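Visitor: Can you walk me through how the two chains meet? Keep it short.
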There are 2 protein chains.
Amino acid sequence: MSDKSQQDHRSVGVAVLGHGTVGSEVLRLIGEYSEDLTHRIGGTLDIKGVAVSDLEKHKDSPAAHLMTTDAMSLIERDDVDIVVEVIGGIDYPRQLVLAALNAGKSVITANKALVAAHSAELDDAADRAGVDLYYEAAVAAAIPVIGPLRRSLAGDRVVAVKGIVNGTTNFILDAMDSTGASYDDMLAEATRLGYAEADPTADVEGHDAASKAAILASLAFHTRVTADDVYCEGISKITADDINAAKKAGQTIKLLAICERNGDKVSARVHPTLIPREHPLASVSQSFNAIFVEAEAAGRLMFYGNGAGGAPTASAVLGDLVGAARNKVHGGRAPGASTYANLEIADFGEVETRYHVDMDVDDQLGVLARIADQFSGAGISLRTVRQEEKGDNARLIVVTHHAPERDLAGVVEKLKAMDEVKSVNSVIRLESE
Amino acid sequence: MSDKSQQDHRSVGVAVLGHGTVGSEVLRLIGEYSEDLTHRIGGTLDIKGVAVSDLEKHKDSPAAHLMTTDAMSLIERDDVDIVVEVIGGIDYPRQLVLAALNAGKSVITANKALVAAHSAELDDAADRAGVDLYYEAAVAAAIPVIGPLRRSLAGDRVVAVKGIVNGTTNFILDAMDSTGASYDDMLAEATRLGYAEADPTADVEGHDAASKAAILASLAFHTRVTADDVYCEGISKITADDINAAKKAGQTIKLLAICERNGDKVSARVHPTLIPREHPLASVSQSFNAIFVEAEAAGRLMFYGNGAGGAPTASAVLGDLVGAARNKVHGGRAPGASTYANLEIADFGEVETRYHVDMDVDDQLGVLARIADQFSGAGISLRTVRQEEKGDNARLIVVTHHAPERDLAGVVEKLKAMDEVKSVNSVIRLESE
């Protein structure tokens, strides 16, 4: 292996697109672990260039001499075998990733929004070129969940994936739960501590989690699920009162991504969810992530860890990079997204879960019976009913058995129209398993 | 793809050695999921034969027509590409697996004892033949931990792997903790419920966990670690009293496998360990398994699930089988065990941890000082000391700061020789992180 031409043959050229928190950490780790990586790959990783938008901004970086603003030319260089995309956004990285795949380069991306929106196009391009497209870092950073779904569970049938996949919202909900403070105050705290971005919309409204749910559902059910297929409700309407009521009932509220297979239909959704305090996901604190995968033969598996941050995300990118580089050196190809099963995506109205409905009602004889009639009229049976005094009115909290979203939504409309119902304060879904 | 010769080319011949709980479940799942597996592999799995020791015993099996007692001839058949070994034992399966690898067949094994004892020989044979050797099922059944160590963390540096990797002992310790019953009673309960085998030695003395620790340490640190390198202490000496004392102190006792890298040395050990009740491993109940992996960039990851049983083990075997079959169809090879780092294995005497020493001592003035002197004389500082009345004597419980095993062992010998020390009841190691 000391033969020069052999060594050249075993060099793998890498282009890194982006030099933010993740990109700079990827470069640092490739430097720090270079000897290990060479052994694990059976060849060397050679960084051929780093694409940035502004050379001036990065002029003091140790990688400054590798930088270019011409990402497309870098991708097209003959000596670039693998492209690492860590820019963010959708349209521009989409063009770059497609160009790379079409030019026969394997691609590693950490871009959940891109993968969730354009997986069909990207997968097709990778398949046509016979190259690898990896994105472990797109979901829960270094927590291995895409690898296990693609490989470890390749001989099993996944029936559900449920988890906390957004650290920002988990930090806010956890802080609301432990301090009793309001959503606005804890969002401000998350922003101050760097857990939330200046514009927190993508996190708090659930869009980030929805992208991850789309990716997880696609891999779990071998069916193309895009972010548009994911029902999405964020945490911005969750009040301190909701959290405190949950606490009293031995529960907590988490933003869950829930992907399920029911017969030959699949569904994916993101919404605030009441879970019992003894549920393993209830103890996931701060900005940690945790994902349950339930498969027919394997049973329930849980994966837990740090779901964000430069180093954990870079760890996932490097794991993928070693895999793609090994394939360049030794041949072979990663299993693709492989959406052969092509199952039907259930209409959200068909999806069944349990509900916690909190309302203010007239404190009069017979009101409870009339409200219960609305549920039973829609075929929804009640699991628990709790009534408390609340000034001149009564507060009524109803927990249902499993019922379809459509039916529950119909009942809520009818409740809102009843004179005896002063307000429907919240409707929160419940998971007990 | 309807072309006959194409189809033949894409058929992957499989020999299954063994038809016990796991073997029969593997065959059942291959049948049940055949359509899915064909899509995921890009070819069909064809079972060419099933090797058993007694044809008569399996004559009513749906796979009876495929059975043979001549495992070696089955392995050597030209149409067998992959061999699945689920026999158990060491010597006989070793011969079979080596024969398969030497004949250029990829091998999937669930046999932790075999891999932990003979990984060097097996890896070399796989490398020489350029074929795959997979054994995800050998550690924690369907919980993906070998895959993540080999692939997902391939771009990171693992510093520790700690976990509960034996379901039988966790069931017994958990039952002792929740009922206050004795080890013997809970072992009997575990046997009655099928969690312990008729001869439970391999489980309760930690040998099974030690094999798994050897496999995990080898992959985590890219260094050959065999079961003989693993310090191993089982749970048979843990008393109801130990458990109750732990409970009072807000702790519980778990049998942990602990693999650590310290600088350029690595260590692996299995022993009962006191952990705080709020430690994530403390809530792992019944026969569940959970493994923490700590890596420099990824931080701490946890993997949790069912660590044993026919279906979960078969799920792991099938995941490996799909991977090996994909490589037969598409080319490529799994990353090998790759023990390039070849780090030194620390002498157990050098390994540092904290200790909980429980002893009966004379209830006299000055005894505590003389005992404390023994620790400080060996350079071991104490974290807490608790003294209680115990009949005519006193019970003294000392918890140390980190200290090397060798030094602690020396102190215990000296304590035992002191007239004032009536008995050293237990020495249990502690993990707080």
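Guide: What follows covers the contact between chain A and chain B in a predicted model.

Visitor: How many residues does each chain put into the contact?
Guide: Chain A gives 44 residues and chain B gives 44 residues.

Visitor: And how much area do they bury between them?
Guide: About 3,900 Å², with 53% of it on carbon and sulfur atoms. On the chain A side, the residues that lose the most area to chain B are A:Tyr33, A:Arg40 and A:Tyr340, together 16% of what that side buries.

Visitor: Switching to charges. How many salt bridges are found across the interface of chain A and chain B?
Guide: The rule finds 2. One of them joins the side chains of A:Asp36 and B:Arg157, at 3.0 Å from N to O.

Visitor: What about residue pairs in polar contact across the interface?
Guide: There are 22 such pairs, counting those with both residues at pLDDT 80 or more.

Visitor: Which elements of chain A supply at least two residues each to that side?
Guide: Those are α2 (21–32), α3 (34–41), α7 (146–152), β12 (299–306) and α13 (310–330). The largest share comes from α13(A), with 8 residues.

Visitor: What's the mix by class on the side of chain A that touches chain B?
Guide: That side has 22 nonpolar, 12 polar and 10 charged residues.

Visitor: Back to β12(A). In which sense does it pair with β12 of chain B, parallel or antiparallel?
Guide: Antiparallel, over 3 bridges, with the chain B strand spanning residues 299–306.

Visitor: Which residue stands opposite A:Phe303?
Guide: B:Phe303, in β12(B).

Conventions:
Residues are numbered from 1 along each chain as its sequence is written. Chains are lettered from A and ligands numbered from 1 in the order in which they are written. This is a predicted model: local features need pLDDT of at least 70, side-chain atom pairs count only at pLDDT 80 or more; totals for chains, interfaces and linings use all residues. Side-chain values use heavy atoms; hydrogens and water are left out. Contact means heavy atoms within 4.5 Å. Buried area is the accessible area (1.4 Å probe) that two parts lose on being put together, summed over both. A salt bridge is a side-chain nitrogen of Lys or Arg within 4 Å of a carboxyl oxygen of Asp or Glu. A polar contact is a pair of N or O atoms within 3.5 Å; within protein, one must be able to donate a hydrogen and the other to accept it, and residues adjacent in sequence count only if both atoms are side-chain atoms. Helices (H or I, at least four residues) and strands (E, at least two) are DSSP runs, numbered from the N terminus. Ala, Val, Leu, Ile, Met, Phe, Trp, Tyr, Cys and Pro count as nonpolar, Asp, Glu, Lys and Arg as charged, and the others, Gly among them, as polar. Two strands pair if DSSP finds at least two bridges between them.
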